[in-house]
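I opened the model to look at how its chains meet. I also wanted to look at one helix in some detail.

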2 protein chains.
Amino acid sequence: MTANIPDIVIGRLPVYLRALTRLAQEGQEVTSSHELGQRLGISSAQIRKDLSHFGGFGKQGTGYQIHYLIEQLQQVLKVNQEWEVVLVGAGDLGSALAHYRGFTERGFRIACVFDNSPTKIGKQVGGFAVMSLDNMQEIIRERAIKIAMIAVPAEKAQEVADRLIEAGVRAILNYAPMNLNVPTDVHVQYIDPVVQLQRMTYYLS
Amino acid sequence: MTANIPDIVIGRLPVYLRALTRLAQEGQEVTSSHELGQRLGISSAQIRKDLSHFGGFGKQGTGYQIHYLIEQLQQVLKVNQEWEVVLVGAGDLGSALAHYRGFTERGFRIACVFDNSPTKIGKQVGGFAVMSLDNMQEIIRERAIKIAMIAVPAEKAQEVADRLIEAGVRAILNYAPMNLNVPTDVHVQYIDPVVQLQRMTYYLS
């Protein structure tokens, strides 16, 4: 039922899930593609089409049951379970990520934080004792961890990615400002604030 | 010459610029759409097509002059100048952004950091004295600042955005995990690590 959903649709589902969760927190029980569209700046037709890939979520006129739709989206995205994530890099950004409280309630838990700096190893960062990169592959293998966040300098990122992938990681969120070369069965998403700023300045006068 | 470039193309240009800058740092002077494509995981045909929107950047067989192409892309994206950016929120994430050294060399400079917490106002964060939100609009107007980064909790983000926009901001990089309602002449980009993690778990087994 959820086979062959276009990647661009998959990319929008977490945004729908986030908006629906917020509506639920606000105490709402039912919503419409129109209301969701207004909140998200997406057309209601687009939303109906995206959700129709999973079938039977709502009918025009009666709206969507928010809690049911949240459960369905969590199931499709496989975040109805908790995924362990390793974080590599305990600098300013890594530290901010280690402190971030928003992962757990949305399906992710940082399992370990790694760094290769002797000044950082053993220190506490956001409740984690920073561990040496030398132990990383063993821990990833033992715990069968599939997801990593890379928050190391650009010149170290490819080497870190190679070691993560060798140990079994299949999804990487890369904060280092560079593109990674990875095998086709590994998924990478990028977060680079400058890339996102630069795509807006084009429109400024 | 640069009119009517599709937004999806604009979105890829900063990634090309980043890769080219890296090639230049590595001492290379000429590249090809093939080499760029390999580095970026994008087809060389796509790269040639994207760059053809600006005309005359390279010829098949002779390749692209890296420094020339960097200059052209910087000009198209308007990052051949330095943009002042205000940062709102001086928590863990805001602090990491205030410390980040990668903005300046790519066209952006944090001008001020704002927060509304009495425990933060006046404190130094990454070389900035945190200022009160009460002064924000005046400073944005005085300095004609067009760009802001929002790193406040989700429940405060819309109010902050409204005040930024009222003062003249036209581009917002929003780290708060929620969608913003903004007028059509305001551009917003979102950074939410969980959204990007959730779009990868779909593919994991």
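The entries below cover the contact, the relation of the copies and one helix.

Entry 1, the model. I note that this is a predicted model.

Entry 2, the contact. I looked up which residues take part and found 48 from chain A and 47 from chain B. On the side of chain B that touches chain A, I listed the elements giving two or more residues: helices H1 (7-25), H2 (33-40), H5 (92-99) and H8 (193-201), with strands S10 (171-174) and S11 (187-190), of chain B. H8(B) gives the most to that side, with nine residues. By type, I read that side of chain B as 27 nonpolar, eleven polar and nine charged residues.

Entry 3, the copies. I checked how chain B can be laid on chain A: a turn of 180 degrees and a shift of 0.0 Å along the axis do it, with an RMSD of 0.0 Å. The two copies are thus related as by a two-fold rotation axis. I then looked up whether the copies use the same surface: 100% of the interface residues of chain B are also interface residues in chain A, so the copies meet through the same surface.

Entry 4, helix H5 of chain A. How many residues of helix H5 (residues 92-99) of chain A are buried? I found six of the eight, so H5(A) is largely enclosed by the rest of the structure. The buried ones are Leu93(A), Gly94(A), Ser95(A), Ala96(A), Leu97(A) and Ala98(A). In chain A, I saw them pack against strands S4 (83-88), S5 (108-115), S6 (124-125), S7 (128-129) and S9 (147-150). The buried residues of H5(A) also pack against H5 of chain B.

Conventions
Residues numbered from 1 in each chain as written. Chains lettered and ligands numbered in written order. Predicted model: local features only at pLDDT ≥ 70, side-chain atom pairs only at ≥ 80, totals over all residues. Contact = placed C-beta atoms within 7 Å. Nonpolar A, V, L, I, M, F, W, Y, C, P; charged D, E, K, R; others polar. Least-squares fit on C-alpha atoms with pLDDT ≥ 70 in both. Buried ≥ 20, exposed ≤ 12 C-beta atoms within 10 Å, placed from the backbone.
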